[in-house]
Each structure stands twice: as C-alpha cells, then as structure tokens.
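User: I am new to this structure and would like a close look at one part of it, namely the salt bridges and the aromatic rings around them. Please take me through that part slowly, in connected prose.

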Amino acid sequence: MEPGTALTLNLLLRGGTVGVLALVAVALWRDRRVHVAAPLGTAFAIGLAAATLSAMPGFAAMPVGWRAIVSALAGGSMFVFWLFTRALLDDEFRPRAWQLAVWAGLGGIGALSCLGLGSQHPAATPALAWFTGLMPVAWALLVIAQSITSWRDDLVEGRRQLRTLIVAATALYTIAQLLAALASGLDLKTVVESALNAAGTAMLTLFVAGRLLQPRLGELFAPPARAAGAVAVEAARPDARQLATLERLMTVERVYREPSLTIGALAMRMGLPEHRLRKLINQALGHRNVNAFLNAYRIEEAKRALRDPARADVPVLTIAMDVGFQSIGPFNRAFKADTGVTPTDYRRGVAPPQSPLDAPKTVAETESA
C-alpha cells in the first residue's frame, strides 16, 4: 500500500472510530442516573477516543496544551474499562476513592509523558515507555479474569453473553497488540500508530458499540430491584413444582447454609439443567446473582437469630457462620446492604423496616402471587 494511501486510511479509520465512540458516550450518558456503569462507560468511551486521537499521525504537531489533555484522558482509559466492566457485571459495585485516585494518577502520568518528562529525565524514558505500554495490558487481563471468575454466578442471560463478548474481544485485542509489538521489535509506538491498529480498533469499536446500543440494553443497566419487578411481571408463570422443590431446599433443608453451595450443585439437587434453574431464579424471583439469592435466605435467618432473646449472647460471627457465610466481612456488608444498619445495631433494635416493593421475591411470595 502506498504511504499516502495508508495515511489517508489511517486518518479515516481513526476519525470514524472517534465518531462512533462519541455516539456511545452520549447514549450511555443518558442512563447515568439509572446505573453506575453508564457514566463509567461514558468515561471509557471518551478515554478510548482520546487514545485513538493520541495515536493519530500528526498528533505530535498539535498544540502542547491540547496534547496534554488528550494524553491525560487516554492514560487512564483501560483502567476505566476495568471499572466499567466491574460495574456492568456486579450490581453491588461502587467506585471507591482510591480507584478514582488511581485513575487521576494514570491520567497525570499520561499528561507528563506528553509534556516531555522523558526528555528532561533521560534515565526515566525506558521505564516510562514500558509502564505506559504494559499497564493497559495489565488492566485488560484483570477484565478477563473478573469476567471469567464470576461468570457462573450471574443469572442474567444477556449479561452472561456480554461476559463472553468482553473476554473474547479483550483477549483478541490484547494478544494482537502483543504479537504486533513482538513482530516490530517491541516498538510499541509503531504498533499503536499503525493503520492496522487503527483498523482493529475501528472494527472492535463498531462491534462493541452495536452490542451496547441495542434495545435490550435496559436488561443490563436496569437497577436490580426495578429489573426484578419488571421481569417478574413479564415472564410466564413459573413451574409450580420447580418452585416447590426450590422452596423445600431453601426453607426446609436450608441448603443455603452450605458456604460452598454453587448454582450447579443446587441444580443437581433439583434435577434441573443449570440454565433452567438460572432462568427460574432470575425471571420468577427477580434475583440477578446466585450469591444475592442465597444471601437473601441467609440474611433472613440471621435477622431472626439476632432478634431472638435466647441467642442474645451468641456472637455475631457465630450467627454469620451458622447461616452460611465464611467470614464476618461479607456478612456485615450483605446485612447492611439489606437492612441499612450493621448486625450489631439491628440486634439493638434500630433496624429500619425494608419496603417489600423493591426487593426481589422469595419462593413463597411468588407462589402466593
């Protein structure tokens, strides 16, 4: 390909990618009040657009202030991608202050690199180049790991499919980048600025944008409580025998007390395929995660134990272990998320009542509806 043609193609691909990312950012921003993943997705789209611009031929000739801003946004783009996928795949995720600080730090490094930190400190140039080149790979590997480790606990079918997409697309792009870097003698700058990289980024952006902007996006971004109510109303009435079996396992045999209970083991006890049980719990009961379903029963039993005067001297840790939690930390977090107070405060009688309208259903409530 002629150099001039390659340059024109490179510019067109990067310009088109930035345009698509701008559309994605606007679409996600409209859902910013619905789900925490939406503003994080907007931030990632902006960061990726900035990274695309920073790799565009002629970027170095632009005004230094403009380049610093673009480089700062690009510097933390893959870290924001990690935060975005965490929020998208975990309904309970909320960004922490330290995560926002890391994001700001990565942006600062990107800006300093653009402003010529390496030229003022030649000894730091190789380390800075390797850091900026490898950090996106590290965040990409974290995205893949978190998508795989919690895949089986996810009850939302659309979100499970999205996990597969995230893992496949991220792995493919990361491996392609590494192979291209090796083929070019680890010249990361050449790889990032190439027309081939521009084409790969454009195709991946179009593919992911099509997935995120399809009409069923609400299934992924809807708050857990609201989504539960909507699904329960629209879904066909669940099989009464399956619900009765599940009710017996949960309330009579109390299988939720087993700390290592999985959706696969529960499906085997019910004699159901795993996907059928996921659909039953998600669409009939409104739960979006296996742990949330099990913890609902665990927390209810813990509430009864904490209110029982005969067990007033039993340590909170013992109650937590009895109902199926493996340590006190997850129990305290789950309990406070359900009641708004800590187990100790609940035992003292300060727990506010929870409105049943916003909570996913139990098996008994579904059968009586």
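Analyst: What follows starts with the whole chain, turns to the salt bridges, and then moves on to the rings and one serine.

The model is a predicted one, and the protein in it has 20 helices and 0 strands. Of its 369 residues, 39% count as buried, while the accessible surface comes to about 19,200 Å², with 65% of that belonging to carbon and sulfur atoms. Among contacts between residues at least 6 apart in sequence, 70% join residues at least 24 apart.

The count of salt bridges comes to 15. In one of them the side chains of R152 and E274 meet, with 2.5 Å from N to O. R152 belongs to the loop between helix 7 and helix 8, whereas E274 belongs to helix 15, so this pair ties together parts that are 122 residues apart in sequence. R152 is partly exposed, at 42% relative accessibility, and E274 is also partly exposed, at 22%.

A salt bridge also joins the side chains of E301 and R257, at 2.4 Å from N to O. Here E301 is in helix 16 and R257 is in the loop between helix 13 and helix 14, so that distant parts of the chain, 44 residues apart, are linked. E301 has a relative accessible area of 9%, and because buried means under 20%, E301 counts as buried. R257, by contrast, is partly exposed, with a relative accessible area of 32%.

The side chains of R311 and D322 form another salt bridge, with an N to O distance of 3.4 Å. R311 lies in the loop between helix 16 and helix 17, and D322 lies in helix 17, 11 residues apart. Both are partly exposed, R311 with a relative accessible area of 26% and D322 with one of 38%. Elsewhere, salt bridges link D91, D154, R159 and R288 in a network.

Charged side chains also meet aromatic rings. The charged end of R298 sits over the ring of F325, 5.7 Å from its centre, and F325 in turn forms one aromatic cluster with F331, F335 and Y346. In a similar way, the charged end of R278 sits over the ring of W151, at 6.0 Å from the ring centre.

The structure holds 9 aromatic pairs. In one of these, the ring centres of F79 and W82 are 5.4 Å apart and the planes are at 50°, so the pair is tilted. Both residues lie in helix 4, 3 residues apart, which is about one turn of the helix, and both are buried. The pair made by F293 and Y297 is edge-to-face, with 5.5 Å from centre to centre and 80° between the planes. These two are 4 residues apart in helix 16, a separation of about one helical turn. F293 is buried at 1% relative accessibility, and Y297 is buried as well, with a relative accessible area of 11%.

The last stop is S147, found in helix 7. S147 is buried, with a relative accessible area of 1%, and a polar atom of its side chain lies 2.8 Å from the backbone oxygen of V143. Leaving aside its neighbours within four places in sequence, S147 is in contact with L89, R163, I166 and V167.

Notes: Residues numbered from 1 in each chain as written. Heavy atoms only, no water. Buried < 20%, exposed > 50% of the residue type's maximum accessible area, 1.4 Å probe, protein only. Polar contact = N/O pair within 3.5 Å; in protein donor to acceptor, adjacent residues only side chain to side chain. Contact = heavy atoms within 4.5 Å. Phe/Tyr/Trp six-rings, centres within 6.5 Å; stacked < 30°, edge-to-face > 60°. Lys NZ or Arg CZ within 6 Å of the ring centre and 35° of its normal. Areas by Shrake-Rupley, 256 points an atom, 1.4 Å probe, with all protein chains shown as cover. Salt bridge = Lys/Arg side-chain N within 4 Å of Asp/Glu carboxyl O.
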